[in-house]
Amino acid sequence: MFDPVSPQVSFPQLDKEVQRFWDDERIFAKVLEQSKKKPPFVFYEGPPTANGMPHAGHVLTRVMKDVFLRYKSMSGFHVPRRAGWDTHGLPVEVEVEKELGISGRQAIADFGIEPFTKKCIESVFKYTHEWEVMTRRIGFWVDLEDAYVTFHKSYVESVWWALKKLFDKGLLYKGHKVVWWWPQGGTALSAGEVGQGYKQVDDPSITVRFPVKGMPDTSFLAWTTTPWTLPSNIALAVKADADYLTVRLDDGRKLVLAEARAANLLGDRPHEILERRKGQQWVGTEYEPPFRYVEPEGGPAHRVIAADFVELASGSGLVHLAPAFGEDDFAACKSEGLGWLQLLRPDGTFPPEVTDFAGRFCKDADRDIIRNLRTRGLLFKEEVYRHDYPFSWRRMEDPLIQYARESWFVRTTQEIHRVQENNEHVHWEPEHIKRGRFGQFLEGNVDWALSRERFWGTPLPIWVNDETGDVVAVGSVEEILERNPRAFDHFYEAQRRDRSLADHLMVHKPWIDHVTWTERGKPGVYRRVPEVIDCWFDSGCMPFAQWGYPHVKEQRKKFHKAFPADFITEAVDQTRGWFYSLMTISTLLFDEEKYPHPFKNCVVLGLLTDEQGRKMSKSLKNYTDPLELMESAGADAVRWALYSATVPGQNTRFFDRATKEAISKFLLKIWNSYAFFVQLANIDGWDPTAPRPAVGGRPPMDRWVLAELDHTVRSVRRELDDYKSHLAVRHIEGFVDALSNWYVRRSKPRFWAQGESADKAAAFATLYEVLVETTKLIAPFVPFMSEAIFQNLVATRIPKAPRSVHLAAFAEPSVERVDESLRRAVQLSRAVVAAGLRVRADTKLKVRQPLSKAIVAVADEMERVTIQRFERIIRDELNVEEIAFTDELETYVDYQLLPNFRALGPRLGKHLPACKAALAAADGAALYAQLRTKGSVVLALGGERFELGPDDIQVRLVAKAGFAAAEEQGHVVVLDTQITPALHRAGLAREVINRINKARKEMDLPIGARVHVGWEADGELAEAIAAHAETIAAETLASRFERGLGEGRLHEAEVSGDGLRFSLRPEEA
RNA sequence: GGGGCACUAGCUCAGGUGGUUAGAGCGCACCCCUGAUAAGGGUGAGGUCGCUAGUUCGAGUCUAGCGUGCCCCA
């Protein structure tokens, strides 16, 4: 006996039971143990930062990881899944700042770096619990207990090892460059980080007069969207080969601007063109800058230079240059040997020298700067410019600015060709990421701005001799101890004072900053530089740092075994983040490895959006929290909805409705088939361990559903091997629909047949096998429901069966089940049924009304035999007494002959349209007859003669007008619509059955309840009832069915115009 | 301004290697079933496949240009 199964199922409740089972039985651990000797399938978990709440996007990535990992695991691989936590960097510091209500580097320094660091450690795991709850709830199996943690000493040492290697290769250097600077945070950000923080804003766009020296009343017009950089102006840039006009305005003042921009800037303002010059002719001309608080150092300034990047699509054709605040500006001024001016402090405020705006934050001062220019008559035009501008990805209200700064860089540009070569070997899903988004990013690669002038991060392991300037990179704690055995005394001292200080912290600020050493016989002390590094570098080191490689000797083997990864997946925002850092670091470090590394397959997921395609955001509240959704619909429904909606690389519109559909269209179909099976198997006392009939000996219906199953198994495996989960899902949905809507529906009577029969045995065996295989097929997608079914059908019933579906092998192809002709036969039969039903609808002949025959017109004998295999079912579905095949096709149909384009295209080429026309014009019936008798026909086309065989021509049958006929895929079904008196009576009887059953339902009688019926009717209706009394009684479960009203509720109904009255009462028990 | 992606039925989306009747679900209309039943099933209506050129015997599919939207970056 199976445990009874109710068709009413609470999936959330089911989840909880399954989860408890997994926990009690340690199933996840057993999966790993059981597969230990199997070949590994390597997966890298991109470490999330646990100091923020998990959201819907995280659910998607975890679910997507899970399906492939479970699939590989069931397919005979050993699939370790180690969790990881990203613990360093700005995200954490910013959270702590918020918590402490402070902001900025100075505030942190005032608070104290040691207590601040301690706060960071606390904060790192603030939401770990929420992450674990979410992870468990969606059924993502990952080893959380053995998670790698980026701030741990061994991890940091691995990162140091990597950096030392880069340093020794000359790939780590300190440079003065314009970086994206976060003033409030007091640090530079990497290209990847900047990419995280764009948003659309309105900025002022102003056109300013720069008076030309030696030309009274004449000014250059220059354009800028950053007024606050004007005090640091060094030069103006023109396009050398563009034309520049000198014009006189109606007020007598003269302006110089690009001719291409004149119409736009001057509009219909009256002006007189005085002169036209090439940009080149203005080069070297000096001008008076709008502000002159401090004189530039190190070279001449305030003159016109030529530059390539000047565009004529916007602005005035003259660009204001402030080398301290723009990458292009920096390069241009440097190559011209011009001076330098940086009138902005690192915190984004103006220094005292800028008397008018001293102490003001740069962007906040824009309005006053504009006002100042206006009062001095230097402002020509002011507009608002809407564009995307980067903000701090951790605090979106803080704008970034371009700012020249000393910073440490990784010289990625030198080796980028190797990264590109590596990238060529990676399988990206979708494919276009390789050459598109990711490839383009590599194309435009700039050196990695690595250092952060912050506190909580992997310290940059560079020590500098304070006298000689000698620079050393350090790769481990041990290396330091070799130089100075007492280097960490300061830390141990601190640890004695505060016993809670973990050993991991010895490699962190502020303690690491006290680590110094000297070298015998040499002057000076080696002290560490103050910076920490970009936390994206940390996560990029994860393939080796998770094992503490190479320092932790016992784990070196683990690293080599788990490198490179077979599979990773994250969202598209990681192209410039983790995907980049992983691949770049790996390429730079592991010269000897063969490409690709450190990952072979990468599935890139799009963003989750709401129903309107808008980004999901907490502030908009435009989505239901996935956890809530799972509470009402269950984890499997959410998972299935995500799999069926998510195409890699594309945004996924996700909404509650999709989850509901997943339940009704998928989960419930399987569940109902399963509940149906269990119910009847239990009634019948069916034993799953008893021998079952051979597949070959079972009826066509059974062999068909097994063939469909096998076809589906093959398709699903192929798609999953290809990382195309969305396609796998479609195959499964198609099969489940076939199972539920055709196999189970059509096979029902076989299951409730009385007594023993080969047919019933085959039906039970087949449905059981199909359900078990399906369970294994869908287990990676819907791990909870599949487990519940598997437990009941297999695990607790079959001796030596796996304890869990996830310990079982994935559904496998079976040669025994393949039967393409049978699949085709059912497809044909269903087409015939569909056509017949359409005829009925067209002619308004209810299916309830039996008809004598359906005539099927087929083009060849094969199809006829094929259709006959399912004759009984077709008869039943169409409610006809007979299926006939006509020899006189011409009576009902026309032949339409078409070339088989795929076959003839290459052969006929240009003659194809003529061929099509010739076939259409010919007498189809005659030509077809010829084709059948002689095996070929000859056509003359454009002077040439072509012999066409049966495979070159496709025949379509088209129903002739005037018949109750319909066609479907080239087959015609004709219904004999003549209703004889006998048929009419049979129809009436069906109507009566229908009325009585309706009445049963109205009275809320239990489904199996026996009833007594007494009836009254006249004329033909009475004759019909009398003639079919037995059938009516059987179909309405009437143990007594008598003429004349009896006891019970009285019902009146109308049956095709005649009155019917009957009494109905349940039989006493 | 550059790069990437998308544009297919009222809505949400599928449509390897080009093959001539473009599919599904939801919604809608009509119908069936009443032994999966506060379920199930069927039939139908609905599409110039964003637009315009081109390649080809043949284009939703390939090429180019344009338009609209989203993402990424200047």
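A residue counts as buried under 20% relative accessible area, as exposed over 50%, and as partly exposed in between. Keep that handy, and remember that you're looking at a predicted model.

**Stop 1: a charged patch.** Select glutamate 1020, which sits in helix H38, residues 1019-1027. Its relative accessible area is 33%, so glutamate 1020 is partly exposed. Now add Asp1018, Glu1023, Glu1054 and Asp1058 to your selection: together with Glu1020 they gather in a patch of negative charge on the surface.

**Stop 2: helix H7.** Next, jump to residues 128-137, which make up helix H7. Which residues of this helix are buried? Thr128, Trp131, Met134, Thr135 and Arg137 are. While you're here, a bit of helix background: an α-helix has 3.6 residues a turn, so residues three or four places apart point the same way.

What covers the buried residues of H7? Among the elements doing it are helix H1 (11-25), H3, strand E1 (82-85), helix H23 (626-633), helix H24 (635-645) and H29. Try colouring each one separately. Then step just past the end of H7 and click glycine 139, which takes a positive phi of about 80°.

**Stop 3: helix H3.** H3 was one of the covering elements, so to speak, of your last stop. Show residues 56-74 and pick out serine 73, which has its place in this helix. Is serine 73 buried or exposed? It counts as buried, because its relative accessibility is 17% and the cut-off for buried is under 20%. Leaving aside neighbours within four places in sequence, serine 73 is in contact with Val31 and Val79.

**Stop 4: a loop residue.** Go to alanine 779, in the loop between helix H28 (758-778) and helix H29 (783-795). Alanine 779 has a relative accessible area of 0%, so it's buried. Show what it touches: not counting residues up to four places away in sequence, that's Arg70, Met74, Ser786, Val805 and His806.

**Stop 5: salt bridges.** The structure holds 81 salt bridges, and we'll visit a few. Start with lysine 16 and glutamate 631, whose side chains meet at 3.5 Å, N to O. Lysine 16 lies in helix H1 and glutamate 631 in helix H23, so this pair ties together parts that are 615 residues apart in sequence. Lysine 16 is partly exposed at 41% relative accessibility, and glutamate 631 is partly exposed at 41% too.

For a long trip across the model, draw a line from alanine 779 to arginine 303: they're 72 Å apart, C-alpha to C-alpha, and 476 residues apart in sequence. Who does arginine 303 meet in a salt bridge? Its partner is glutamate 286, at 3.6 Å, N to O. Here the link runs from the loop between helix H11 (279-282) and strand E11 (303-306), where glutamate 286 sits, to arginine 303 in strand E11, 17 residues apart. Both count as partly exposed, glutamate 286 at 33% relative accessibility and arginine 303 at 24%.

Now select aspartate 513 and arginine 528, another salt bridge, with the closest N and O atoms 3.0 Å apart. Aspartate 513 is in the loop between helix H18 (489-497) and strand E21 (526-528), while arginine 528 is in strand E21, 15 residues apart. Aspartate 513 is partly exposed at 29%, whereas arginine 528 counts as buried at 8%.

**Last stop: a network.** Finish by selecting Asp15, Lys16, Arg137 and Glu631, which are joined into one network by salt bridges that share partners. You've met Arg137 already, as one of the buried residues of H7.

Key
Residues numbered from 1 in each chain as written. Chains lettered and ligands numbered in written order. Predicted model: local features only at pLDDT ≥ 70, side-chain atom pairs only at ≥ 80, totals over all residues. Heavy atoms only, no water. Helix = DSSP H or I, 4+ residues; strand = E, 2+ residues; numbered from the N terminus. Buried < 20%, exposed > 50% of the residue type's maximum accessible area, 1.4 Å probe, protein only. Contact = heavy atoms within 4.5 Å. Patch = residues over 30% accessible without salt bridge, like charges linked within 9 Å, V, L, I, M, F, W, Y side chains within 5 Å. Areas by Shrake-Rupley, 256 points an atom, 1.4 Å probe, with all protein chains shown as cover. Salt bridge = Lys/Arg side-chain N within 4 Å of Asp/Glu carboxyl O. Lys, Arg positive; Asp, Glu negative; His and termini not counted. Charge placed at Lys NZ, Arg CZ, Asp CG, Glu CD.
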